[in-house]
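Me: Hi! Could you walk me through this model? I'd like to begin with how the helices pack.

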Amino acid sequence: MPKGAISHGLRILRSIVTRDEVIKEYPDKAILLLREFPDRIIQKLWNALGRPAQSRRPVQAIGRLIHRRARRTQDHEALSDYTRFFRNPSQLEVLRDTVLDMDEGAKLKLAVLGCSSGAELYSALWTIRTARPDLITSAIGIDISRTCIDRAIDGTYPVGSRAVEGITETTYPRLFNMEADTFTVQEWLREGVTWKVASACSAALLAEFGLQDLVFADNFLCHLPKENEEPCLRSLAGLVAPNGMLFVSCVDFDVKARMLASLGFVPVTARLEDVYMEDRAAREAWPLKYWGIEPLDKRRPAWTTRYARIFRRADSERPEKAEHSAR
Ligand SMILES: C[S@@+](CC[C@H](N)C(=O)[O-])C[C@H]1O[C@@H](n2cnc3c(N)ncnc32)[C@H](O)[C@@H]1O
């Protein structure tokens, strides 16, 4: 650490003790330094253990304590709008297999909540319409940010931007038109799509758009203020039609398991582990970041409910169908 930074840090610390003029000058920095100090120590100790030790059971129990603390003490981030086309390919494979099972010419309603600049919605729609062009598919994309929705409507992404990372003109046929330095979503994927600036937690969505066969709620719930996470999950789960599917990630596991079970959702076990493992950033962020996800542990009771990121709402009138489609 540079000498200047050390003396600056010491000056701030001294100011905290002596309450001299410096604390008036740097109050934010002083408070931040003190608040982050335990986190930095924990991070250093955890990283020092190395991967093999971290994967041992007793150490993971310590990891769970660290994570619990992170969830309690860390400020939830100002929401990032990070998104990417085909962010979780296994999830989309489950989606593809699901629509392949549908009746000829059936209607399908898709809702993507917290859709950011549209990559997730367009990826899902491409998957559905490529696998089953005969289905009558409509989609709604909802985000709280006007800027995100404007970008989604525009459907144009600079080559080299994070949204189109790893995608070439030929990776997904008929997804994009290449124009100069941009990828632009093709017209056939924009048909039947409605975009809206709104909160995904709003109960008014049900009245406005009705029940949906497929609801995506990825990567925003855990960033909401803690007290909003559970009511928001309840509200958006209410959008899912009987026998419909909910794709949900970045959410408190205990809240998810308790609530979805009480509302009659069953975990979809197809590709469960692949879908979970593909969220590499969240896996690597555990246990130090509140949004990190714990190592998948099949010895835990009801582990499929805990780790599933895809759920089907049981159809009370046709329970055997919900069972069948969960495979
Ligand atoms: C990290 S991005 C995730 C985008 C996409 N779902 C994905 O997984 O790639 C989170 C998005 O959720 C949006 N968001 C946050 N809170 C929201 C809320 N209450 N209702 C709707 N959108 C919200 C943010 O504006 C941001 O675009």
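**Helix packing and beyond**

Me: At what angle do the axes of helix H5 and H6 cross?
Reply: Roughly 35 degrees, and the axes of H5 (residues 89-100) and H6 come within 9 Å. Helices are DSSP runs of H or I with at least four residues, strands are E runs of at least two, and both are numbered from the N terminus. Axes are lines fitted to C-alpha atoms, for helices over the stretch in contact, with angles from 0 to 180 degrees between N-to-C directions.

Me: Which residues make that contact?
Reply: H5 brings Leu92, Leu95, Arg96, Val99 and Leu100, while H6 offers Ser123, Ala124, Thr127, Ile128 and Ala131. Contact means C-beta atoms, placed from the backbone, within 7 Å. By class there are 7 nonpolar, 2 polar and 1 charged residues. Here Ala, Val, Leu, Ile, Met, Phe, Trp, Tyr, Cys and Pro are nonpolar, Asp, Glu, Lys and Arg charged, and the others, including Gly, polar.

Me: Anything I should know about the numbers?
Reply: Yes, residues are numbered from 1 along each chain as its sequence is written. The model is predicted, so local features need pLDDT of at least 70 and side-chain atom pairs count only at 80 or more, while totals for chains, interfaces and linings use all residues.

Me: What is the mean pLDDT, then?
Reply: The protein averages 88, and 86% of its residues reach 70 or more; pLDDT is the predictor's confidence per residue, from 0 to 100. Over residues 319-327 it stays under 50, and there the model has 16 contacts beyond four places in sequence.

Me: Back to helices: how far apart are the axes of H9 and H10?
Reply: 10 Å, with H9 (residues 226-237) and H10 (residues 253-262) packing at about 35 degrees. From H9 come Glu229, Glu230, Leu233, Arg234 and Ala237, and from H10 Val255, Lys256, Met259 and Leu260. This contact has 5 nonpolar, no polar and 4 charged residues.

Me: New topic. Where is aspartate 134?
Reply: Aspartate 134 sits in the loop between helix H6 (119-131) and strand E2 (136-143).

Me: Is aspartate 134 buried or exposed, and why?
Reply: Exposed, because 11 other C-beta atoms lie within 10 Å of aspartate 134 (12 or fewer is exposed, 20 or more buried, in between partly exposed, with C-beta atoms placed from the backbone).

Me: And what is aspartate 134 in contact with, leaving aside neighbours within four places in sequence?
Reply: Glu104 and Gly105. Alanine 106 is 28 residues away along the chain, and its C-alpha atom is 7.8 Å from that of aspartate 134.

Conventions
Two residues are in contact if their C-beta atoms, placed from the backbone, lie within 7 Å.
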